[in-house]
Amino acid sequence: LQMLEQQVVGGEQAKNKDLKEKQKRRKKYADERRMQLVAALQQSNEDSGDWVLLNVYDSIQEEVRAKSKLLEKMQKKLRAAETEIKDLQSEFELEKIDYLGTIRRLERDLMLFQQLLDQVQSLVRRDCNYSNLEKIKRESVWDEETGCWKIPEPVIQKTRLP
């Protein structure tokens with residue numbers, strides 16, 4: 001009776017170890033896949049949940065309506081993203097124009113000051129330490145706390161003959 005029962009419960013393949021091993025692997029794979037799907041569902045929000053689940057529809061019209069709604073949602077998201085991109089690009093362009101204008105203005109100011117220095121340098125007495133601009137530049141130090149240059153005080157060096 002037991003022999004008959006074992007043959008009936010498992011069929012002809014009841015003692016086949018390869019088949020049992022194959023069934024265990026299939027079950028393990030199915031369990032892993034199910035866990036992956038559950039994890040994906042938990043991580044996804046309600047909008048992306050439509051992409052993860054397979055929906056069953058009663059008719060083709062119902063499927064078309066559902067997919068049309070999903071398409072409209074995605075098109076709205078796309079339009080919003082495109083608008084955001086255009087806004088960022090226009091903001092970037094305005095900042096770029098502003099920076100270029102600032103750079104041009106600073107270059108003009110620098111040229112003005114350089115020309116003024118060149119003109120004034122010839123008027124400075126030779127015995128003053130300000131007659132050598134390169135030396136003044138080397139001796140000047142940038143102060144981080146005050147945000148300005150500390151330049152040496154003007155000194156006139158008088159030479160006396162004995």
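This tour moves through a predicted model, from the whole chain to individual side chains.

Start with the whole protein chain in a cartoon view, where the secondary structure amounts to five helices and two strands, arranged along the sequence in the pattern α-α-α-α-α-β-β. If you then colour by accessibility, 6% of the 162 residues of the chain count as buried.

Next, turn to the salt bridges, of which the count comes to four; three of them are visited here. Side chains of opposite charge can pair when their charged atoms come close.

Select helix α2, residues 17-43, and display D31 and K27, which both lie in this helix, four residues apart, or about one turn of the helix. The two form a salt bridge in which the closest N and O atoms are 3.8 Å apart. D31 counts as partly exposed because its relative accessibility is 32%, a value between the limits of 20% and 50%, whereas K27 is exposed, with a relative accessible area of 54%.

Move on to helix α4, which spans residues 60-121, and select K67 together with E63. Their side chains meet in a salt bridge, with a distance of 3.1 Å from N to O, and because the two residues are four apart in helix α4, about one helical turn separates them. K67 is partly exposed at 46% relative accessibility, and E63 is likewise partly exposed, at 28%.

Staying with α4, select D98, which lies in this helix, and add E84, D87, E91 and E95 to the selection. Together with D98, these residues gather in a patch of negative charge on the surface. How exposed is D98? At 49% relative accessibility, D98 counts as partly exposed, since the exposed class requires over 50%.

Now follow the chain beyond α4 and select S131, whose place is in the loop between α4 and α5, the latter covering residues 133-139. Which backbone atom does the side chain of S131 reach? Displaying the backbone of C128 shows the partner, for the S131 side chain reaches the backbone oxygen of C128 at 2.9 Å. S131 counts as buried because its relative accessibility is 15%, under the 20% limit.

For the last stop, select D143 and K150, whose side chains meet in a salt bridge with 3.6 Å from N to O. Is D143 buried or exposed? With a relative accessibility of 15%, D143 counts as buried, so the acidic partner of this salt bridge is a buried residue.

Definitions and conventions:
Residues are numbered from 1 along each chain as its sequence is written. This is a predicted model: local features need pLDDT of at least 70, side-chain atom pairs count only at pLDDT 80 or more; totals for chains, interfaces and linings use all residues. Side-chain values use heavy atoms; hydrogens and water are left out. Patches are made of residues with over 30% relative accessible area and no salt bridge: like charges are joined within 9 Å, nonpolar side chains (Val, Leu, Ile, Met, Phe, Trp, Tyr) within 5 Å. Accessible areas come from the Shrake-Rupley method with a 1.4 Å probe; for residues, only the protein chains shown count as cover. Lys and Arg count as positive and Asp and Glu as negative; His and the chain ends are not counted. The place of a charge is taken as NZ of Lys, CZ of Arg, CG of Asp or CD of Glu. Buried means under 20% relative accessible area, exposed over 50%, partly exposed in between (1.4 Å probe, protein chains only). A polar contact is a pair of N or O atoms within 3.5 Å; within protein, one must be able to donate a hydrogen and the other to accept it, and residues adjacent in sequence count only if both atoms are side-chain atoms.
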